[in-house]
Amino acid sequence: MSTTPATPGTTALAPEIAARLKRTEDGLLPAIAQQYDTGEVLMLGWMDDEALHRTLTTGRCTYWSRSRREYWVKGDTSGHVQAVRSVALDCDGDTLLVKVDQSGAACHTGDRTCFDADVLPLA
């Protein structure tokens, strides 16, 4: 397992895609996972060039875990797989929208989404 995200340009990510990405200082992009057919927002993960390349080529969401400092494929340990339906880059090139077919819970807590448990009150 890697202990740091891949340096831009050191992965097999297509150069024309890599050139469009605006990464954080640590080389990452936020990746919003959304259920492809309902529009339900499932979770937010982080991808570097290598994670995006793996996601695009395997059809399974691969993220960079900032806490574990390694790549993880959603569902490899939980069985709650995210099958990729499409990947879009936002207009600024700094956020990914990954439309998936989620199997089971998306959140590590066991909730369907990471946004189910703590809805804040509006004033």
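Me: How is a disulfide recognised in a structure, and how many does this one hold?

Reply: A disulfide is a covalent bond between the sulfur atoms of two cysteines. Here it is assigned to a pair of cysteine sulfur atoms within 2.5 Å. The structure holds zero disulfides. Cys107 is in none, and its nearest cysteine sulfur, that of Cys114, lies 3.6 Å away. This is a predicted model, in which local features need pLDDT of at least 70 and side-chain atom pairs count only at pLDDT 80 or more, whereas totals for chains, interfaces and linings use all residues. Residues are numbered from 1 along each chain as its sequence is written, and side-chain values use heavy atoms, with hydrogens and water left out.

Me: Is Cys107 buried or exposed?

Reply: Buried means under 20% relative accessible area, exposed over 50%, and partly exposed in between (1.4 Å probe, protein chains only). Cys107 counts as buried because its relative accessibility is 9%. Cys114, at 36%, counts as partly exposed.

Me: Which residues touch the most other members of the largest nonpolar core?

Reply: A nonpolar core is a set of buried Ala, Val, Leu, Ile, Met, Phe, Trp, Tyr and Cys residues joined through side-chain atoms within 4.5 Å. Of the 22 residues in the largest one, these are Met47, Tyr63 and Val98. Strand S2 gives the most to this core, with four residues; strands (E, at least two residues) are DSSP runs, numbered from the N terminus.

Me: Where is Val41 placed?

Reply: Val41 belongs to strand S2, which covers residues 41–47. With a relative accessible area of 40%, Val41 is partly exposed.
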